[in-house]
Amino acid sequence: MSAPDDRDRIPDDDLERAADVVSLYRRTMTDDFAGECEGFANALSVLHWAQGARGLADAARATSAELVEVCRRMMMMDQRRYRPALAAALRLAAADQRNARSALPLARESAALFGAAAEIDPGERVYLMDSLVLLSGLQADLRAPAEAHQTAERALAIGRRLVTEDPDGYRPALITALRRLGSGDLDPAVGIARGTDAVQLARQQARADIDSGLPLLVAALQDVSVRLAAGGREADAVAAFVEASSIQRHLPLPDTPDPARVPHSPRVPPGDQGDRVDTLIAVSDVVCQLRHRQDDPGAAAALPAWLARLGTS
Amino acid sequence: MGLLRRRAGSTRVTAEGVTIPSGARDVREVYPDPLTTRQRWLLGLGALMLDPKLGSCARLHPAAVVHPERTAREYRASLKSLWEIDDLSSLLRALTSLLRVGHRGELVGALGHPPLAWDIARVAVLPRRAFAAGYIDESTAWELMEAAADAPYRVYDSWGSYVRDNLAGRNAWAGRRHDWMDQHVLRWWSPGMRDESPWQSVPWPAGRLPARPETRAARTGGER
């Protein structure tokens, strides 16, 4: 199952379009790398996003590896300008790896580059925090709890400072960091504490901006419920999950279909078992609806005919 | 039980044809309290996941026949092997994953839309199985199942459209149509299941859901 992702799914044909653009760039890159490299890197990023949205993990991993190579060449041209681009590409590549051991050096390099970039441009600190969160998770996966804890504390210190400077701007990023670190920490008590912090911040965010805050609050409550249960606080865990569900009731579930796009007619070729099942579902459904509406004279009159049809289907 | 007739040995057969082995009991004997309309609606959401020959929507417990020792052990084994669920924490993790992502996004290419019913059906049935396994109590199971309650009636207009999409999603996920799954559908819609099957006996809500049962938070004064 792919990781939860709040990006909108892109239309099916965008993947093909993104691949076409990358192909076009590949043909021109050999002649003019310096002139086309930014466009090529952007095209690779879009292709990577499209592949990720379609669940094409192997293809996405190959694209992020190529993006890293392109960004390395760009950084050789202008270190200061392209350091953040390489750092971001490395983070993508690290997240795409199949195992923590191969991802660790990529995440470590990403964090180091974002650290250097943040010294020049404070706007890069939020991206440094994201890379540190990823690195901490990998260190936890590789059973290095002391390193993971240290990296996480560094990430959270950056996040808390950013929220002090601009609460509404950076609170969502810190909530996400706390959720991820809370879910990944090996120590249940630390995980619960971070998860609880994420819930409190998400409540503040919901008060400041209900549209962005409620989905964050649902996610934070669900995450902390898992950690609370693992920590033996079962009643609190269930209460958090139930609260998330009651808030979710006012929001669409991710990937909820448009009712108009859900087919209401049989989708299988006539004559096979599926056709019989679909027909039975359709007829039984109508019969039961009519049975429940027997106080409606029209419905009651139609019931015998539908029952007869059900008997012969 | 007047409904039961004796067979050779200590095995019994109910009037509905359910065989009850020695030492086991009909789920309705073990849990005598009848369900509310709202609770039966929730069970209907996950009914396709149960084999109607062995499973039941008469009570929260998903088995038609309950053996005091064996049944919980069997549910523990299947939850562990199929879902890696062995306690409340892993159950909540699985439910959260189904609500956030599930399989519906991956199946858009195959069906043209995300089959929400396939994910919701599993959210509705996993707490029942966890209850049968002894991981959660009855009121917790009902509270967790409420997570499945709202989305389907906003998307589907009848049990028929919900069940059809549930089946379509399940078949697309499996990569083929299974006869035995079709047989589940046929049996839950069969005239003999008219009273037990929620698809037949509980109306699909028009406009609003059947009223929620009293929740633990309400009973304890909403302490959170």
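Let me start inside chain A, where the buried residues of helix 3 pack against helix 2 (33-53) and helix 4 (79-96) of that chain. Buried here means that 20 or more other C-beta atoms lie within 10 Å of the residue's own, while exposed means 12 or fewer and partly exposed is in between, with C-beta atoms placed from the backbone. Helices (H or I, at least four residues) and strands (E, at least two) are DSSP runs, numbered from the N terminus, and two residues are in contact if their C-beta atoms, again placed from the backbone, lie within 7 Å.

Before going on, a word about the source: this is a predicted model, in which local features need pLDDT of at least 70 and side-chain atom pairs count only at pLDDT 80 or more, whereas totals for chains, interfaces and linings use all residues. Residues are numbered from 1 along each chain as its sequence is written, and chains are lettered from A and ligands numbered from 1 in the order in which they are written.

Back to helix 3 of chain A, residues 57-77: its buried residues are A:A60, A:T63, A:S64, A:L67, A:V68, A:V70, A:C71 and A:M74. Several of you may be thinking about the helix geometry here, and in general an α-helix has 3.6 residues a turn, so residues three or four places apart point the same way. The expected span of a helix is 1.5 Å times one less than its number of residues, so the 21 residues of helix 3 of chain A should span 30 Å, and the end C-alpha atoms, at 31 Å apart, agree with that.

Helix 9 of chain A, residues 188-208, can be treated in a similar way, because its 21 residues should also span 30 Å and its end C-alpha atoms are 30 Å apart. Among the buried residues of helix 9 of chain A are A:G191, A:I192, A:R194 and A:D197, and what covers the buried residues of this helix includes helix 8 (167-184) and helix 10 (210-230) of chain A.

One residue worth pausing on is A:L156, which lies in helix 7 (residues 145-165) of chain A. Is A:L156 buried or exposed? With 20 C-beta neighbours inside 10 Å, A:L156 counts as buried, and, leaving aside neighbours within four places in sequence, A:L156 is in contact with A:A177 and A:L181.

Taken as a whole, chain A has 13 helices and 0 strands, and buried residues make up 40% of its 313 residues. As for confidence, pLDDT is the predictor's confidence in each residue, from 0 to 100, and chain A averages 85, with 85% of the residues scoring at least 70. Within chain A, confidence is lowest in helix 13 (residues 297-312), at a mean of 59, and highest in helix 5 (residues 100-120), at 97. Over residues 1-10 of chain A the pLDDT is below 50, and this stretch has 11 contacts in the model beyond near neighbours in sequence.

Now to chain B, which has 12 helices and 5 strands, and in which buried residues make up 49% of the 224 residues. In helix 2 (residues 37-45) of chain B, the buried residues are B:Q39, B:W41, B:L42, B:L43, B:G44 and B:L45, and their cover includes helix 6 (116-133), helix 7, helix 8, helix 9 and helix 11 of chain B. B:Y135 sits in the loop between helix 6 and helix 7 of chain B, and it counts as buried because it has 24 C-beta neighbours inside 10 Å.

How do the two chains meet? In the model, 45 residues of chain B are in contact with 42 residues of chain A. Helix 4 of chain B gives the most to the side of chain B that touches chain A, with 8 residues.By class, that side of chain B has 20 nonpolar, 12 polar and 13 charged residues, where Ala, Val, Leu, Ile, Met, Phe, Trp, Tyr, Cys and Pro count as nonpolar, Asp, Glu, Lys and Arg as charged, and the others, Gly among them, as polar.

I will end with the largest nonpolar core, a nonpolar core being a set of buried Ala, Val, Leu, Ile, Met, Phe, Trp, Tyr and Cys residues joined through C-beta atoms within 7 Å. Of its 144 residues, A:C71, A:A89, A:A220, B:L95 and B:A130 touch the most other members, and the largest share, 13 residues, comes from helix 6 of chain B.
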